[in-house]
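The following exercises concern the fold and local geometry of one protein chain. Each task is followed by a solution in steps.

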Amino acid sequence: MRALRIWVCGVALFWSTAVAARSQIEITDAWVRAPIGQVNVAAGYLTIFNGGDRDDVLLGVETEAAARTEVHTVSEGANGMMRMRPVPAVPLPSGTSVTLAPGGTHLMLTGLDEAVEDGTDLMLRLTFQHAGTIEVVVPVARRAPGS
Ligand SMILES: [Cu+2]
């Protein structure tokens with residue numbers, strides 16, 4: 001039995017390495033802006049790089065720290081007001097990166113847990129069409145870390 005178990009683990013390890021090598025999604029510069037006061041909404045930012053050799057699509061983001069997480073784009077409306085609109089998916093062509101940053105496309109966390117505040121972390125779960133689910137631990141801060 002012992003030999004069999006080791007063999008099974010070896011196969012599982014090989015398989016997960018193979019899958020990781022094929023998708024190669026990298027997430028960097030992720031952070032969530034600390035909510036101010038009693039607001040239960042927060043914006044999140046990150047850069048996603050698709051270093052794999054096939055196109056991928058970000059299909060959704062979720063976190064246990066918020067009731068709902070959406071990707072929002074920002075555009076200027078007819079009256080000059082900036083409007084946010086949820087987008088259902090973010091395309092990630094092979095070899096390109098997408099940056100969600102203040103003033104532009106961002107994550108919108110609504111129904112935020114009260115425990116989310118400056119100096120804490122939360123876990124974001126990103127679901128991709130090909131890469132599957134990737135979890136990242138994201139700092140909650142008043143401004144972009146390192147700025
Ligand atoms: Cu928004």
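**Exercise 1: Pairing of β9**

In β9, F128 is the bridge partner of L58. The model is predicted: local features require pLDDT of at least 70, side-chain atom pairs count only at pLDDT 80 or more, and totals for chains, interfaces and linings use all residues. Residues are numbered from 1 along each chain as its sequence is written.

Task. Determine how β9 pairs with β3 and β10, and which residues form its covered face.

Solution.
1. Strands (E, at least two residues) and helices (H or I, at least four) are DSSP runs, numbered from the N terminus. Two strands pair if DSSP finds at least two bridges between them.
2. β3 and β9 are antiparallel, with 4 bridges.
3. β9 and β10 also run antiparallel, joined by 8 bridges; R125 stands opposite E135 in β10. A hairpin through 3 residues connects β9 to β10.
4. The covered face of β9 consists of L122, L124, L126 and F128. Its uncovered face carries D121, M123, R125 and T127.

**Exercise 2: The nonpolar core**

Task. Identify which residues touch the most other members of the largest nonpolar core.

Solution.
1. A residue is buried if 20 or more other C-beta atoms lie within 10 Å of its own, exposed if 12 or fewer, and partly exposed in between, with C-beta atoms placed from the backbone. A nonpolar core is a set of buried Ala, Val, Leu, Ile, Met, Phe, Trp, Tyr and Cys residues joined through C-beta atoms within 7 Å.
2. The largest such core has 23 residues, and V32, L109 and L122 touch the most other members.
3. Elements giving two or more residues to this core include β1, β8 (106–112) and β9 (121–128).
4. Contact means that two C-beta atoms, placed from the backbone, lie within 7 Å. Apart from residues up to four places away in sequence, L109 touches V32, V41, A42, G44, T63, A66 and T69.

**Exercise 3: Two residues of β1**

Task. Are I25 and D29 buried or partly exposed?

Solution.
1. I25 lies in strand β1 (residues 25–33). I25 is partly exposed because 19 other C-beta atoms lie within 10 Å.
2. Beyond neighbours within four places in sequence, the contacts of I25 include F128, A131 and I134. The C-alpha atoms of I25 and I134 are separated by 8.5 Å, although the residues are 109 apart along the chain.
3. D29 is also in strand β1. With 15 other C-beta atoms within 10 Å, D29 is partly exposed.
4. D29 has a positive phi of about 55° although it is not a glycine. Most residues other than glycine have a negative phi.
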